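Visitor: I've got a few questions about this model before I go back to the bench. Could you walk me through it, one feature at a time?

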Amino acid sequence: MALFHSNFFSETLGMQCQAEVIVPQVTSDRNIGAASIESKTLWPCVWLLHGLSDDHTIWTRRTSIERYAEERGLAVVMPNAHRSFYTDMAHGENYYRFLTVELPEIMRSFFPLSPRREDNAVVGLSMGGYGAAKWTLDRPQDLIAGVSLSGVLDIKQRITSLHQETEETSLRRKTMRLVLDDKVPEQAPENLFRLLDARATDQNCPPLRVCCGTEDFLYEDNITFRDYAASLQLPIDYHEGPGDHNWAYWDQEIVPALDWLLEQGLGK
């Protein structure tokens, strides 16, 4: 595998941006300890999203994502989205357009990444889980499937919980004011439940895997999202088990998440 530290200019955001990029490398058995990779002209890609307090480097620092991707012949793009919630912010820049439209175009101009829907999937944790679910549900033409790990899936409930201002939540509440003006409109795409409504009769809606630890402070929000999707008979693959809102859980769950994406047809 090859790891690239990418710095580039975004026309959408009007500033320099960063992304970590992992691309498979076809090597001989002299590359001791590395997986054997079959040569491809264009690589299937996982768009891997960070959480609220992290950046584009966090997945490579906290997990063995490079090894996991190598074993499966996948490219991985990990962009920096700051504290944007991957939205077109109420008081900020258009990070959702950056993520879903401009970033894929830029990365494909730099690296041999396939533009086919069947070769693209998204995974995110916490804030990134919200971004992954939103992208999967809002732009089904882009992705074969998506995965949310400990995702902020009921963002309206999160804003409500921040109304009691404390020192601990003040920064988060400030973030939500910038992102959504401290409220979530009923219409899509900010409200994931409205996106679920929009996909209720869509036969081409990509499958979405939702995972959350039972000790996670977002557990009840994930249950609410799961149950609402089930009421609409949408293809949510829900998993829960022991775990908190931490890297021990996310490093554990990213492996079956990648395997699940392959089962959905990623790269076929």
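Visitor: Which residues do ring pairs link into a cluster?

Guide: Keep in mind that this is a predicted model. By the ring-pair rule, the count comes to eleven aromatic pairs. Some of those rings join up, and the cluster they make consists of F4, F8, Y95, F98, F110 and F111.

Visitor: Take F8 and F98: are their rings stacked or edge-to-face?

Guide: The ring centres lie 6.4 Å apart, and to count as stacked the planes must be under 30 degrees apart. Here the planes sit at 15 degrees, so the pair is stacked.

Visitor: How many residues apart in sequence are the parts that F8 and F98 tie together?

Guide: Both F8 and F98 are buried. F8 belongs to strand 1 (residues 2-10) and F98 to helix 3 (residues 95-110), so the parts that this pair ties together are apart in sequence by 90 residues.

Visitor: And F8 with F110: is that pair stacked or edge-to-face?

Guide: Again the centres are 6.4 Å apart, but here the planes are at 65 degrees. F8 in strand 1 and F110 in helix 3 are 102 residues apart, so to speak of distant parts of the chain being linked is fair. Planes over 60 degrees apart fall into one class, so the label for F8 and F110 is edge-to-face.

Visitor: Is F110 buried or partly exposed?

Guide: F8 has 4% relative accessibility and counts as buried. For F110 the value is 45%, and the buried class stops at 20% while the exposed class starts over 50%. That makes F110 partly exposed.

Visitor: On to charges. How far apart are the closest N and O atoms of R67 and E71?

Guide: In general, side chains of opposite charge can pair when their charged atoms come close. R67 and E71 both sit in helix 2 (residues 65-72), four residues apart, about one turn of the helix. R67 is partly exposed at 43% relative accessibility, and E71 is partly exposed at 44%. They form a salt bridge, with the closest N and O atoms apart by 3.6 Å.

Visitor: In the salt bridge between D119 and R116, which residue is buried?

Guide: The two side chains meet at 3.0 Å, N to O. R116 has 38% relative accessibility, which puts it in the partly exposed class. With a relative accessible area of 6%, under the 20% limit, the buried residue is D119.

Visitor: What about R199 and D202: which one is partly exposed?

Guide: Their side chains also meet in a salt bridge, at 3.2 Å from N to O. R199 counts as buried at 15% relative accessibility. D202 has a relative accessible area of 23%, so the partly exposed residue is D202.

Visitor: Which residues do salt bridges that share partners join into one network?

Guide: The salt-bridge count comes to eleven. Where partners are shared, bridges join up, and the network consists of R67, E71, R72 and D259.

Visitor: Which ring does the charged end of K134 sit over?

Guide: There are charges over rings here, and one of them is R226, whose charged end is 4.9 Å from the centre of the Y238 ring. For K134 the distance to the ring centre is 4.3 Å, and the ring belongs to Y96.

Visitor: Now the largest pocket. Which helix gives the most to its lining?

Guide: About 430 Å³ of space lies in this pocket, and 25 residues line it. Helix 5 (155-161), helix 6 (170-180) and helix 9 (247-263) each give two or more residues. With four residues, the one that gives the most is helix 6.

Visitor: By class, how many residues of that lining are nonpolar?

Guide: L52, S126, R172, F217 and H245 lie nearest the pocket's centre. The lining has seven polar and five charged residues, and the number of nonpolar ones is 13.

Visitor: What is the phi of S126, roughly?

Guide: Most residues other than glycine have a negative phi. S126 lies in the loop between strand 5 (120-125) and helix 4 (127-138), and S126 is buried, with a relative accessible area of 10%. S126 is not a glycine, yet its phi is positive, at about 55 degrees.

Methods
Residues are numbered from 1 along each chain as its sequence is written. This is a predicted model: local features need pLDDT of at least 70, side-chain atom pairs count only at pLDDT 80 or more; totals for chains, interfaces and linings use all residues. Side-chain values use heavy atoms; hydrogens and water are left out. On a 1 Å grid over the protein atoms alone, a cavity is a set of points where a 1.4 Å probe fits but cannot get out, and a pocket is an open set with protein on both sides within 12 Å along at least five of seven lines; lining residues have an atom within 4 Å of a point. Grid points are joined across faces, edges and corners, and a volume is the space filled by probe spheres set on the points. Ala, Val, Leu, Ile, Met, Phe, Trp, Tyr, Cys and Pro count as nonpolar, Asp, Glu, Lys and Arg as charged, and the others, Gly among them, as polar. A salt bridge is a side-chain nitrogen of Lys or Arg within 4 Å of a carboxyl oxygen of Asp or Glu. Buried means under 20% relative accessible area, exposed over 50%, partly exposed in between (1.4 Å probe, protein chains only). Rings of Phe, Tyr and Trp (its six-membered ring) pair if their centres lie within 6.5 Å; planes under 30 degrees apart count as stacked, over 60 as edge-to-face and the rest as tilted. A charge sits over a ring if NZ of Lys or CZ of Arg is within 6 Å of the ring centre and within 35 degrees of the ring normal.
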